[in-house]
Amino acid sequence: MVSYKELGLVNTREMFAKAIKGGYAIPAFNFNNMEQLQAIIKAAAETKSPVILQVSKGARNYANQTLLRYMAQGAVEYAKELGWEHPQIVLHLDHGDSFELCKSCVDFGFSSVMIDASSLPYEENIALTKKVVEYAHQFDVTVEAELGVLAGVEDEVSSAVSHYTKPEEVVDFATRSGCDSLAISIGTSHGAYKFTPEQCTRDPKTGKLVPPPLAFDVLDAVMEQLPGFPIVLHGSSSVPQEYVDMINSLGGKLPDAIGIPEEQLRKAAKSAVCKINIDSDSRLAFTAAVRKVLTEKPGEFDPRKYCGLARDFMEELYKHKIIDVLGSDGKA
Ligand code: 13P
């Protein structure tokens, strides 16, 4: 048993309380590799933003859970080396799908876990979430739960249809499960194709899709039921069109990739939404950089050259999200 406190990590409790009060959101960035982690920590250290490092099921399969945990431990030391005296870093399990997995993360030094039982019937979701909460709270590890179903695909989490969260269920769910934060469904979804062309209109000038707005009425109703309770938004990449265009112009094929407009995320960040999950955007930044280097210099075979540019692109992206979208700069 290793406590996250020994590793210099923090849980989400105080972070979320401050974010709700201050009208900003904490960035929750997924990581799978060293370059991504370096970019996240550099961006957070330079902007003095609290940050959540997320480990998904796909990341665990790709990079190994043990290695990722030690990388997060190293990230705390790296942050200090960068001059961030008291780093506010959370190590979070993204989309945990069983009690055993959540327990193994708690025992291994994670400071926060998500139990995603949103695809189960309501009572089973409550029962499993409660079981995880009872275990995690013994070690002061915070627990995120989910109510409602997001559409889209991310790693091994997928759903063909979305069901908005029912505001009339949230008080009962939060009270009986004891969760510390709640991910809700208001129209965001995982991946780089958040809406079908049929759900959008098309800008006649640019030919680009214009997505429908998020269901802010559902968010407002949830906040009315649970005043001051931490709300989480998954599937919140904005799918920056400059990266999509760069990828497409360099031989890629991402037709009609579309995300959540940043002004809508900015609006959400000012509310009780205090954690915003972003993964796909950094994949796009990484891919754009790799395509650029390999297209411009076909003779290049040093991975440090294309992964190095990918790291630069991701760092710039993370800083932009922190400063211009979530407003968490200067809060750590
Ligand atoms: P995106 O695919 O929109 O980046 O969402 C990531 C996410 O929600 C991770 O849980």
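**Figure 1. Packing of helices α6 and α7 in the predicted model.** Helix α6 (residues 122–137) packs against helix α7 (residues 170–177) at an angle of about 35 degrees, and their axes are 8 Å apart. The crossing of α6 past α7 is right-handed. From α6, the contact draws on Tyr122, Glu123, Asn125, Ile126, Thr129, Lys130 and Val133, and from α7 on Asp172, Phe173, Arg176 and Ser177. By class, these contact residues comprise four nonpolar, three polar and four charged.

**Figure 2. Packing of helices α2 and α4.** An angle of about 35 degrees relates helix α2 (residues 34–47) to helix α4 (residues 65–81), with 10 Å between their axes. Here α2 passes α4 in a right-handed crossing. Met34, Leu37, Gln38, Ile41 and Lys42 form the α2 side of the contact, while Met71, Ala72, Ala75, Tyr78 and Ala79 form the α4 side. Eight of the residues in this contact are nonpolar, one is polar and one is charged.

**Figure 3. The eight-stranded barrel.** The strands close into a barrel in the order β1-β2-β3-β4-β5-β8-β12-β13, with parallel pairing. From one strand to the next, the twist averages 25 degrees. Strand β1 (residues 26–30) pairs with strand β13 (residues 273–278) in the parallel sense, over four bridges. Within this region, Phe29 stands opposite Ile278 of β13.

**Figure 4. Helices α2 and α12 lying across barrel strands.** Helix α2 lies across β1, β2 (51–55) and β3 (89–96), and runs at about 165 degrees to β2. Helix α12 (residues 303–326) lies across β1 and β13, and its direction makes about 150 degrees with β1.

**Figure 5. The largest nonpolar core and the surroundings of Ile89.** In soluble globular proteins, nonpolar side chains tend to be buried together. The largest nonpolar core in this model holds 99 residues, of which Phe31, Leu53, Ile89 and Leu182 touch the most other members. The greatest contribution to this core comes from α12, with 10 residues. Beyond its neighbours within four places in sequence, Ile89 is in contact with Leu9, Val10, Ile41, Val51, Leu53, Ala75, Val76, Ala79 and Trp84. Among these partners of Ile89, Ile41 belongs to the α2 side of the α2–α4 contact, and Ala75 and Ala79 to the α4 side.

**Figure 6. A second nonpolar core.** Separate from the largest core is a second one of nine residues. Its members include Tyr24, Ile26, Ile52 and Val90.

Technical notes:
Residues numbered from 1 in each chain as written. Predicted model: local features only at pLDDT ≥ 70, side-chain atom pairs only at ≥ 80, totals over all residues. Heavy atoms only, no water. Axes fitted to C-alpha atoms, helices over the stretch in contact; angles between N-to-C directions. Helix = DSSP H or I, 4+ residues; strand = E, 2+ residues; numbered from the N terminus. Left-handed = near helix turned anticlockwise from the far one by under 90°. Contact = heavy atoms within 4.5 Å. Nonpolar A, V, L, I, M, F, W, Y, C, P; charged D, E, K, R; others polar. Pairing = 2+ DSSP bridges. Core = buried A, V, L, I, M, F, W, Y, C linked by side-chain atoms within 4.5 Å. Buried < 20%, exposed > 50% of the residue type's maximum accessible area, 1.4 Å probe, protein only.
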